[in-house]
Amino acid sequence: MTTEKSENKERIGVYVCHCGSNIAGIVDVQDVAEWAGRDLAERGVVVSRDYKFMCSSLGQELIEKDIQEEGLTRVVVAACSPHLHEATFRTACSRAGLNPYLCELVSIREQVSWVHTDKEAATEKSKAVLSGGVERVIHHEPLEPLHVPIHPATLVVGGGISGIQAALEIADAGFPVYMVEREPSIGGHMAQFDKTFPTLDCSACILTPKMVSVGNHPNINLFTWSEVEKVDGYVGNFTVTIRKKARYIKTELCTGCGICQEKCPKKLIDDVYEAGLGYRKAVYTPFPQAVPKYPVIDRENCTFFQKGTCKVCQKFCPTDAIDFEQEDELITVQVGNIILATGFDLFDPRKVSQYGYGRLANVFSSLEFERLTNAAGPTNGNIVLRDGVTTPRAVGIIHCVGSRDRNFNNYCSVICCMQSLKFAHLVHERTGATVYNFYIDMRTAYKEYDEFYQRILEEGTLFVRGKVAEVTGAARSPGEEGRLIIQVEDTLAGKQRRIPVDMVILSAALQPRYDAKEVAHKFGISCSANGWYIEKHPKLDPVATMTEGIFIAGCVQGPKDIPTSVSQGAAAAARILGRIQQKEIALEPVRASVDQDKCSGCRICNSMCPFNAIIFHEDRMVTEVNPALCQGCGTCIAACPAGAISGTGFSDQQILAQIEGLLMVNFEHARVAELG
Amino acid sequence: MTENFEPVIIGFTCNWCSYRAADLAGTARIKYPPNVRLIRMMCSGRLDPSFVMKAFSEGADGVLITGCHPGECHYLEQNYKALRRFLLMRRTLAQFGIEPGRVKLVWASAAEGVRLANEISKIVEEVRALGPLNWPKWKDNGVHKIALHELEEV
Amino acid sequence: MSANGKPKFAMYWAASCGGCEIAVLNIGEKILDFDANFEVVFWPVAMDAKYKDVEAMPDQSILLTLWNGGIRNKENEEIAHLLRRKSQILVAFGSCATEGCIPGLANFSSTEEIFHAAYDSISSENPEKLRPQYRTQMPEGEISIPEFYPTLRTLDQVVKVDYYMPGCPPESHQIASVIDLVIQVLQGKATLPPAGSVIGAGISTVCDDCPRQRNVKLVKKFTRIQALQNPDPTLCLLEQGVPCNGPATRQGCGALCPQAGAQCIGCYGPAEGVIDYGARLISAFASVIDSTDPDEIEAILDGIPDPAGQFYRFNLAGSLLRAGMKSWSR
Amino acid sequence: MKKYLFYPGCSMESSAHAYAESLSQINDVMDMDLVEIDDWNCCGATEYLGISLVPAYALIGRNLALASKQANGSKTVVASCSACYLNLAKADHYMAERPILGDKVNEALAEGGLNYTPGSLSIRHLLDIMVYDIGLDHIKSKVVKPLTGLRVAPYLGCMVPRPDYYKNWSDHEHPTELDDLLRALGAEVIDFPLKTHCCGGHMTQISPDTAFEMIGRLLTSADTFKADVIATVCPMCQLNLDAYQADAIKYMHAQGRDIQSRFPILFFTQLMGVAFGKDPKTLGFGREFVKATEAMSRIGVETPAEDVQAKPKRKKTTGLPMPVMPGRSGEEE
Amino acid sequence: MKAQPVNPNDPNPNLRFLEEVSAKTAGVSRLEMCIQCGTCGGSCPSAEDMDHTPRGLFALIRAGMREEALRSNTPWVCVSCYHCVVRCPQDVHITDVMYTLKSMAIQSGLYSDSPSHKINKAAAGFSSTFIGNVNEYGRSWEVGLATVHALKHFPLRAPSMAPMALGLWAKSRLNITPKRIKGIDQLKAIIAKANTLEVS
């Protein structure tokens, strides 16, 4: 009943890493290692060393040799975060014949040397952290990883260029793909563009063939006008419920002839594909090259659904493909891995009210302008003012609208500089108007990008270095009357300028999808403070997430251009293909289990598990944990009033011992002398 | 004594958010006081009140419990359970005489290295202001050596 | 073995109420078996004996000592050491000895507060406000009474204990079966459980024996049992919002209280392997609260007005923190 | 009856009499009880802040300290003048943001037996109270004489919507609160693009041409939109646009920029009073330099051309004490 | 969050000017965060009359060009409209920095030693007169203020101010006598104490 420190028979090896000067620059690693060898000897430490780079092959060999020669039964490495090198050291132990889970990695880099400046305090803290690890490792148990089979199918969420690339890579390799797209057609933002920088090739020309491949691919099962409703399970074996929204079109009969759209009497502004600059019908395919070719009936705006009569489309449909009785379908699929490629939303420039978007007619958003230049857009590619006829004589393009601005988004949206240069070129080429680019910094860092900047300079576009202060219609002089005045400090001239133009284009920021957080939660991954999805490692693992089996690609991870989005799609596919080929994956054996003799069947834990891993047996009045469903969070362990539930990897004994160890080393002046 | 007092804080972190926030603080070289010692758990839902009591009884002056923001738990909703346990535990500990300022629950996502560092700095200062807790080392039976006549003098 | 060949038995009470003694006497006919098998050498409640008689016995000469009561003063501590020396098997008997029990609740108070309650409160007739003096000069010389310690300790916090027998008091049928066991061991028919075991109780909790219906628990309100409008006699009390300590309390009593319509108050202490009884209950009760809103949770928790009392009524001295700050801080 | 602590500010007692009078007339209609902070002092406008730091904040701090002492249930302090509103908010905000400043201010306040805990009061502008506490529905329900046909340019100036420490306003550039209120009164509200641009502030005293340029810009825009009157929420804006209107037009004219109309500059509370059917004589009409008579008569409201209140009695005018200049003692007194 | 000081071990005094300005500013100035985008200079309604745009002035401060910065008329022409403050993408407390520069310019005497000294002196004088009034009465007093100020800085215009003042008085918009608050002694004590506590 008393908590006397347990007798310890283990032989522990301690290894303190210098990490070059990363740790050794602040922590006296030699002192830490010597201290452990001396003061922790009675706790079982038989070997204690410091070494320049523990993760190097020489460092690992050091451990292996000691295990074999000194008969180590436990290993503690004080180095970087376990998220970086836990696997490395476990593998080293394994090679030397020690169960890998008898190794503990404690962080004295991320949690000590990189965050503290006082050498003495950092060294003392390192000792404490190390001592915590030593006490904890005594209670480690040999474990075997859980081997989980990988289902060969993959779910791709989002049918933009990134998702398309990923889906095609996997499907071409011969494995099944389910692609889910919220809109009636795949294609994403790229389908809205006319030209792509810096090569100025036609967006549709390079995208459409890929879209068609997705539509026709025998290995791709395409769900458009659909959303993921629910995700259950875990890596290798996810069960995904897809809501296939009612299209009200019998796709098996529809030929995609377009008569329904022609005849539909209900016309409304298309906020999505046309970015609010054009119209569509209540029954529609967003654009002619849409994949699939079938239209959808937008229930919210359909006259029949709203008022009860109309059915004009049905009357004219030559193949009787209209079906007002359709209902949403829920489809369940099994997949082994998931790629989230849900893209971005455009920042709403109305929030920057000094730029007058929404108040001043001839202020356009970047996406509106894309539609304006698109040959298939509302003006057939004519660049005109909001009146639909007037060609502008002067155009101002404002960079960083909603980007690099603490009032909105503090990040750089990456694509706006190049996009604005592209706009400048298009305005110049098609209207001959004077073009101004207002920028804070020109960022053209990628192959052929700066060359494009040079070309635009040659074309005579005027560049003003300054973040635009305001766009106003309030004229101060006759020359300004009837025009839009861009008020800005030309920072290179050091003067305030008022530049009259006819059209203003706002290069608006890319933002996470409005429902990014909700979707992240659905798939069990995390968002950064800005709302972009967090990758497993920003440099070395940019398409994986911290949740096994969930990958990200494209703008969902952060703003990026088309080449990078495509690369990420392909990269995510490659990661998944590797796993499918392996057929199974080893998982951390962190799981809870119930001692059936101690369980009283009180059922307090029964509401603890969101993964339904806790099962109550009415007949025996005991609870059990299904290890296949358990995710290892440990909430039920903490809840059990009888102490009947225990968990591997993070047991009570391990944590309590670690607390004891952490508190064995104290700041010398911190403790008041013992009472009495 | 109190002037030089350096509190020791035990911090419980969640593998998915706050521990990663601590890693991020490290990677970004954000500085915070060395008084905190972190323990990694899989989830704030793993936090057993006895861990906190253990920490105090072993000499910690404060305990910082961290987890994912409400609605953002890696395990969907376990941080709410941590919240409930924390609130009941704090009431109970107050009856033991442990000031509520010594036990804090804060949310920090994997992206919030700065926030975590700030919260650590905050609790260190708050506990420093409260002074040492000095929970007796019961193992040494120290308290029982107090002779009664000493008590009577008080 | 004594002169008559019977093994020697002792029972001692320290800071306790005497209920444990009654429980032993309450085992019915078994007391005859007991008498047939043991020679009682020291049992201050039942027979006259002097400490010096015990001191005179050879070490390890008493086979079995049942100790009830916590260590509250110097006398308790000295006798604990004495009996430890003289006994082969020392059993912490009853809640006070194992975990502090009600006397241990005084660990939330300062010595002054305890004395005030004992000597100055409404329950004491003490108009001259007399307080006992530890040392008094008499014509014969100085006399003294045992010193009072600032906190109460469990037996195993003072001496090594071989077995623990929980309960306030231990149920008579459990005592009877333990005595049976010891007799069988003496007769070579059984072996003793490993040292340090809890005897006379199960390893699970009260719920294991409770006949009430149980479901998945979600609690919106905690309430005192008296305040329940229509208590359901067949449904789990916790599900009705009554903070019943049964889920965390060691099995052994047969779920007497819940069967009688009252919530378990936890006298059998923590289940096997649990290091802090109160922590288990804090965690369990909080877990089943049906709310995610901090304000609402606080409001629900108001239904447990004295959490420390609720969770540590019996276990305070045996808990991780052992005592409130008032008792030990100076 | 909603109760608020009220910080009128110096102008309400002098140049903005019309603001004070009209406000006192509509208080009961608005169902609000403005309790003046006892013995408040000047907020220092934009002047004190440019001379010193701690004294400037201590000066404002005294008002906050007095208010919180008097708070008595109401934690909201209402200011009618933009500069006063901003300064009170600023002190509250910065004392918290920069604890060293907060501590020093409190150290100074302690000298007068006072103390202020930043964040303990909520500082709001009168217009904010009207729109968000009293509510447009209530205001609308009290209109008996709608301002139908009166083209009003809503003018807020700078310091009400900016910097907006507490995020009280719909926008920093084009807030709609005043528009909505005037529309509730039945007025025809123009989409005044310069509604939050500067009136020139103290520049009339320092660099008059700078000020006239700014006043001129506002008048030009009001002219473009053919406003009948400009409604303001700030004494300084009112004074600048009203008293210096002729000068500003003259200045603009010299620049070759013509302004056709002349604009009466009215406090929004005056317009509220009219709409609530109060006698214009009691609403401070007639105190303006550019007469409102014609504009108001267009909607059938007769307002006095001259100040109808009794002229202030002239007290002894000799021997006025001169203000003490920094660095000189006040022995003249 | 406050930015870290630039290397305190570097003896170059120019490096310290920005920190000094920051330290003397109410709130957290965030001046270190300026990215020279020019939002402030573009937004300023009185930029035309400034010798440096606010952005330009901040560049001078960062360069440690103390004298040139404190001689500038920019802070004195600033009308405290806060357009730059709400638009600044880096949340620099520009208006408050202007106040700091004014007080530093007065303290160093540099405000009157500049090509634009006329406007600087007029503005500084107006402020001094104003606060003199407030220190004495606890309230501002427009007659005293306007008269003293006009006589001092615009002697030629002063006569034309008279009809304006008269107009205001006639419309009951001017108090001829100053009002003094009851707690003037308390206020004076507070201000006197505050004067000893300046943040450096």
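1. A quick definition before the contacts: two residues count as touching if their C-beta atoms, placed from the backbone, lie within 7 Å. Keep in mind that this is a predicted model.

2. With that cut-off, let's start with chains D and E. Chain D puts 65 residues into this contact, and chain E puts in 65 residues as well. On the side of chain D that touches chain E, five helices each bring at least two residues: α2 (54-70), α3 (82-97), α4 (99-110), α7 (203-206) and α8 (208-224). As for the make-up of that side of chain D, I see 31 nonpolar, 20 polar and 14 charged residues.

3. Chain E also meets chain A. Here 17 residues come from chain A and 18 residues from chain E. The top contributor on the side of chain A that touches chain E is strand β25 (residues 484-490) of chain A, with 3 residues. That side of chain A holds 6 charged and 7 polar residues, along with 4 nonpolar ones.

4. Now inside chain D, which splits into domain 1 (2-125) and domain 2 (142-297). Taken over C-alpha atoms, the centres of these two domains of chain D are 25 Å apart. Their contact draws 23 residues from domain 1 of chain D and 26 residues from domain 2 of chain D.

5. Which elements of chain D give two or more residues to the domain 1 side of that contact? They are α1 (17-26), α3 and β4 (122-125) of chain D. Of the elements, α1(D) gives the most, with 8 residues. By class, this domain 1 side has 12 nonpolar, 9 polar and 2 charged residues.

Terms used:
Residues are numbered from 1 along each chain as its sequence is written. Chains are lettered from A and ligands numbered from 1 in the order in which they are written. This is a predicted model: local features need pLDDT of at least 70, side-chain atom pairs count only at pLDDT 80 or more; totals for chains, interfaces and linings use all residues. Helices (H or I, at least four residues) and strands (E, at least two) are DSSP runs, numbered from the N terminus. Ala, Val, Leu, Ile, Met, Phe, Trp, Tyr, Cys and Pro count as nonpolar, Asp, Glu, Lys and Arg as charged, and the others, Gly among them, as polar. Domain bounds come from an automatic or database domain assignment.
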